[in-house]
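Hi everyone, thanks for coming. I'd like to walk you through a structure with two chains in it, so please have the picture open while I talk.

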Amino acid sequence: MIIVTSHDNIIIGLEIHVQLTKLKTKLFCSCSSKYRGAEPNTYVCPICIGLPGSLPVLNEKAVEFAMKLAIALGCKINKSMYFFRKNYFYPDLPKGFQITQYNKAGGKAFGDGGKVIIKKKSGKKEILLNRIHIEEDPGRLVHKGSIVSSPYTLVDYNRSGVCLIEIVTEPVINSPEEAREFLNQLKSIIQYCGIADLDLEGSVRVDANISIKGHARSEIKNINSFKEVQRALKWEIRRQKNFIKRNKLLKQETRHWDDSRRVTVGLRSKEFEKDYRYFPEQDLVPIELKKSYIEKIKNYLPEMPNARMKRFQNQYGLSEFDSEILVMDKDIADFYEEAVNSEKDFESKEYKLLCNWLKGDISRWLNLQNKKITDTDLTPIQVVNLVKLIEEGRITGKIAKSVIGDMMLGTPIKKILKQQGKKRIADEEKLSSICKKVIQENSEIIKDYKTNPRALEALIGKCMKETHGQADPKITRKLLLEYIEK
Amino acid sequence: MSKKEEFSQETIDYISKLALLELTDAEKKDLSTQLNDIISYFHKLDDLDTSNVPPTRHPLENIKNVYRNDIPTEGLSNEEALQNAPHKKEGFFKAPKILKD
């Protein structure tokens, strides 16, 4: 096995297909696009199963969504364009062609160029984009057993006609890690645009072109999640390097990512000719985008993650590192802002504390449960209360950590503490007896204290243990000092 | 390109492969003649000087931006969708396998 050490000679270009899941209907017909979990072929109509005589009509919202993304990515939007037919036979394509955009033969993509900035250990890097365009999703094929052994193919057209955006990068990605970071940033931008929820199953498909400099490239198809991309690329690089090491000739080919075996396999498709005979789709009239319309959408566009990160640093005094983590997931960032702004007295100290709870214990809980913060019953006010209780010394950090799980399920912090009997003990009489007991039982520490005043902390710790973390630290300290001096 | 070369044996083989048609030699010969006639007929357009005419991409070039609102409507039932399908199984359309053996 070859260990990949240098990535400089690796060339990767990605084609990312993203479903615009925030659309209610398909691209060219009024069928609902919320087909997930439905029985096969129940979200279909004559248009999306390609019945003769049916005519497509463009979803206006799809154009608006594509424009949002094009602006966010810095693409040059083509103001005049029309759709093409891409012709090939495959069971997932009921019409025998896919309606898409084409940037040759007089055609134009939706947007040209654009870029995504990614962070590397060595600094920042711009991943340049070639273009983005809109097209319709094919149907879904179901194989009995594996794709190879299945005696026939079953076809479900519920997905057929759902709006996809294809994002094509230039071949400027130099490692699987860069690819992963790029996809994370892209996902964040798409989330901020409000056009898709890419956590939905099957909402993302990636094709990757990958080669070692000076050798033939392979195209890996069927990568069905952003996480899998890095894995597939790593595997393929290893395969290609092994070939080169053994002086075997790599051939240009299409390979298929088998995510259960986690390998890429060369597939020989039946009757496959890469001649798509693109020609303009005459069933759809041209699109002409007015400058004023583009400007209007631009003004509606929410703040993008990069700008928000800089604002978080300025407005809340967070570090670049902290702000970056917070803004990556828009839901977390929104939650954060609602929390910090709900309390007038909060300042940079509390801003930082809130940030720590969100990126620490709360994010950890969400990751473990594989949930989004919007799926939980946790409210910003509850986290604010948590921070306030810690700040006022009414609960300890330790108690706070122990109640996060219940808070995520919607129980208010004060209620949890009441139920668990965990609240601050501030009653001096009660604390006095505890302090006296601790002093009696720890004469060694008292001796130590005479030369080392920091031994007092150990005594406070003992009092905390006695009270399961509920003793008020300030009063305990005062009382302990009083008794020791006596 | 001369008219004879346009639909050579290779071209016929190629386009029949793209169209997934298996043709006999007699059919190929027939089609070659017919397609040549059609193409020759279209060559009449070459008689016109179109050097100053912009390409027509759509017959309705003055109609633009025909849109639909993003509001779902009821489509076909599963039975309706499958009623003309010669092969079906468990609510799916059934198609031949897609990979070579």
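Let me begin with a term we'll need: two strands count as paired when DSSP finds at least two bridges between them. And please keep in mind that what you're looking at is a predicted model.

With that in hand, here is the sheet I'd like you to find. It is an open sheet of four strands, in the order S10(A)-S11(A)-S3(B)-S2(B), and the pairing is antiparallel. At the edges stand strand S10 (140-143) of chain A and strand S2 (88-89) of chain B; each has a single partner strand, so one side of each is left without a neighbour in the sheet.

Let's go through it from the chain A end. S10(A) and S11(A) run antiparallel and are joined by four bridges. If you want a residue to click on, Val142(A) is opposite Leu154(A) in S11(A). Next comes the step from one chain to the other: strand S11 (residues 152-156) of chain A pairs with S3(B), again in the antiparallel sense, over four bridges. Here, Thr153(A) faces Ala95(B) in S3(B) as its opposite number. As a general reminder, side chains in a regular strand alternate between the two faces of the sheet.

Now let's look at the whole contact between the chains. How many residues of chain B are in contact with chain A? There are 39 of them, and they touch 59 residues of chain A. Interface size is often given as the accessible area lost when the parts come together. For this pair, chain B and chain A bury about 4500 Å² between them, with 60% of it on carbon and sulfur atoms. Three residues lead on the chain B side: Arg68(B), Asp70(B) and Ile98(B) supply 19% of the area that chain B buries against chain A, more than any other three residues.

For those of you who like to count interactions, how many salt bridges are there between chain B and chain A? The count is zero. Polar contacts are another story, with 26 residue pairs between the two chains, both partners at pLDDT 80 or more.

Which elements of chain B are involved? Those giving two or more residues to the side that touches chain A are helix H2 (9-18), strand S1 (67-68), helix H4 (78-82) and strand S3 (92-96) of chain B. S3(B), our strand from the shared sheet, gives the largest share, five residues. By class, this side of chain B has 20 nonpolar, eight polar and eleven charged residues.

Over all chains, the salt bridge count comes to 42. One of them joins Lys115(A) and Glu126(A), whose closest N and O atoms are 3.2 Å apart. Lys115(A) belongs to strand S8 (residues 115-120) and Glu126(A) to strand S9 (residues 123-136) of chain A, so the pair ties together parts that are eleven residues apart in sequence. Those two strands are also antiparallel neighbours, with six bridges between S8(A) and S9(A), and a hairpin links them through two residues. Within that pairing, Ile118(A) is opposite Lys125(A).

To finish, zoom out to chain A as a whole. It is divided into domain 1 (7-297), domain 2 (303-420) and domain 3 (428-485). The centres of domain 1 and domain 3 of chain A, taken over C-alpha atoms, are separated by 65 Å. Thanks, and I'm happy to take questions!

How values were computed: Residues numbered from 1 in each chain as written. Chains lettered and ligands numbered in written order. Predicted model: local features only at pLDDT ≥ 70, side-chain atom pairs only at ≥ 80, totals over all residues. Heavy atoms only, no water. Contact = heavy atoms within 4.5 Å. Buried area = accessible area lost by both parts, 1.4 Å probe. Salt bridge = Lys/Arg side-chain N within 4 Å of Asp/Glu carboxyl O. Polar contact = N/O pair within 3.5 Å; in protein donor to acceptor, adjacent residues only side chain to side chain. Nonpolar A, V, L, I, M, F, W, Y, C, P; charged D, E, K, R; others polar. Domains from an automatic or database assignment.
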